[in-house]
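Here is a friendly tour for anyone who likes to think in contacts, angles and accessible areas. Please keep the viewer open while you read.

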Amino acid sequence: MKIALFGYGKMGKTIERLAIERGHEIVAKIDKETTEGTIENAEVAIDFSIPSEAFNNINKCFSLYIPIVSGTTGWLDKFEEAKMNCFKNNGAFIYASNYSLGVNLFFELNEQLAKMMSRFKEYDVQMEEIHHTQKLDAPSGTAISLAEGIMANTSKDKWTLDVTKDNNEIPIVAKRLDKVPGTHSVVYDSVVDEIEIKHTAKNRDGFALGAIIAAEWLQHKRGVYTMKDVLGL
């Protein structure tokens, strides 16, 4: 499979290494500091660029009929427009806030726990996410996805990046520490006990491998998909 990479930072380099190990070829690298190869030669594209570039990268792939897997967060105010453009151009598109297999299982666990806890009003929910200091957006896209999973299954109707006393809000604490690939926790707290679920990434390989698996799955397809489709969840 011939792959174009949008974004050639740490994640892009990890994707390159793992893709080559799986027998794929990187035919283009597009970054603010690196432009190598030609995207038109690609059979699929993987985008881990920056929020200000992601939407343009995605639309460029639609115009060239190149399936694209996007893992860039912070641009989702244009997500619905991207979906419409995909259908209009008969394109192929997967967006996920996190491509790790473990995180996607964690998403499912989070929703199931939220359904259970919705009956017990003595518990309140809060979240914490920790990432490396180079991460540009806060809270993380993964944290937002977790919050949306809770909101879909409880009376909570919004999240906030702060401590809150509003019972309808989910407070998310975002921390930035050196050399932390990503840690997410969801805590249900009461006056007598607390229940916590937590996912801790040990390195970037899990995220990168999941994106490559998604690209392998998306090749030759048309439409808008999620990691639930890729993993059969």
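The notes below go through salt bridges, helix packing, backbone angles, a surface patch and two spatial pairs.

This is a predicted model. The structure holds 11 salt bridges, and three of the pairs are described here along with a small network. Two helix pairs, α1 with α6 and α4 with α5, give the packing angles.

**Salt bridges**

- Side chains of opposite charge can pair when their charged atoms come close.
- Glu-108 and Lys-228 make a salt bridge in which the closest N and O atoms are 3.2 Å apart. Glu-108 belongs to helix α4 and Lys-228 to helix α7 (residues 227–231), so this pair ties together parts that are 120 residues apart in sequence.
- Glu-108 is partly exposed, at a relative accessible area of 22%, and Lys-228 is partly exposed too, at 36%.
- Another salt bridge joins Glu-128 to Lys-175, with 3.1 Å between the closest N and O atoms. This pair links distant parts of the chain, 47 residues apart: Glu-128 sits in strand β7 (residues 124–131) and Lys-175 in strand β9 (residues 169–176).
- Glu-128 has 25% relative accessibility and counts as partly exposed; Lys-175, with 37%, is partly exposed as well.
- Glu-16, Lys-29 and Glu-36 are joined into one network by salt bridges that share partners.
- Within that network, the side chains of Lys-29 and Glu-36 meet at 3.7 Å, N to O. Is Lys-29 buried or exposed? Lys-29 is buried, with a relative accessible area of 13%, which is under the 20% cut-off. Glu-36, in turn, is partly exposed at 42%.

**Helix packing**

- Helix α1 (residues 10–21) packs with helix α6 (residues 205–218) at an angle of about 60°, and their axes are 9 Å apart. That angle makes α1 oblique to α6.
- The crossing in which α1 passes α6 is right-handed.
- For α4 and helix α5 (residues 141–151), the axes come within 8 Å and cross at roughly 30°. These two helices are therefore roughly parallel to each other, because angles under 35 degrees count that way.
- α4 also passes α5 in a right-handed crossing.

**Backbone angles to check**

- Most residues other than glycine have a negative phi.
- Asn-90 is not a glycine, yet its phi is positive, at about 55°. You will find Asn-90 in the loop between α3 (79–88) and β6 (92–95), where the residue is partly exposed with a relative accessible area of 47%.
- His-220 is not a glycine either, and has a positive phi of about 75°. The loop between α6 and β12 (223–225) holds His-220.
- How does His-220 count, buried or exposed? His-220 is exposed, with a relative accessible area of 74%, which is over the 50% cut-off.

**A nonpolar surface patch**

- Which residues form the nonpolar patch on the surface? They are Leu-101, Leu-105 and Leu-233, and together they have about 280 Å² of accessible area.
- Leu-105 is placed in helix α4 (residues 101–117), the helix that also contains Glu-108.
- With 44% relative accessibility, Leu-105 counts as partly exposed.

**Pairs in space**

- Arg-204 lies in the loop between β11 (194–200) and α6, and counts as partly exposed at 25% relative accessibility.
- How far is Arg-204 from Val-180, C-alpha to C-alpha? These C-alpha atoms are separated by 9.8 Å, while the two residues are 24 residues apart along the chain.
- Glu-129 is in strand β7, the strand that holds Glu-128. At 0% relative accessibility, Glu-129 counts as buried, whereas Glu-128 is partly exposed at 25%.
- Glu-129 and Pro-139 are 10 residues apart in sequence, and their C-alpha atoms are 7.2 Å apart in space.

Methods. Residues numbered from 1 in each chain as written. Predicted model: local features only at pLDDT ≥ 70, side-chain atom pairs only at ≥ 80, totals over all residues. Heavy atoms only, no water. Patch = residues over 30% accessible without salt bridge, like charges linked within 9 Å, V, L, I, M, F, W, Y side chains within 5 Å. Areas by Shrake-Rupley, 256 points an atom, 1.4 Å probe, with all protein chains shown as cover. Salt bridge = Lys/Arg side-chain N within 4 Å of Asp/Glu carboxyl O. Helix = DSSP H or I, 4+ residues; strand = E, 2+ residues; numbered from the N terminus. Buried < 20%, exposed > 50% of the residue type's maximum accessible area, 1.4 Å probe, protein only. Axes fitted to C-alpha atoms, helices over the stretch in contact; angles between N-to-C directions. Parallel < 35°, antiparallel > 145°, perpendicular 65-115°, else oblique. Left-handed = near helix turned anticlockwise from the far one by under 90°.
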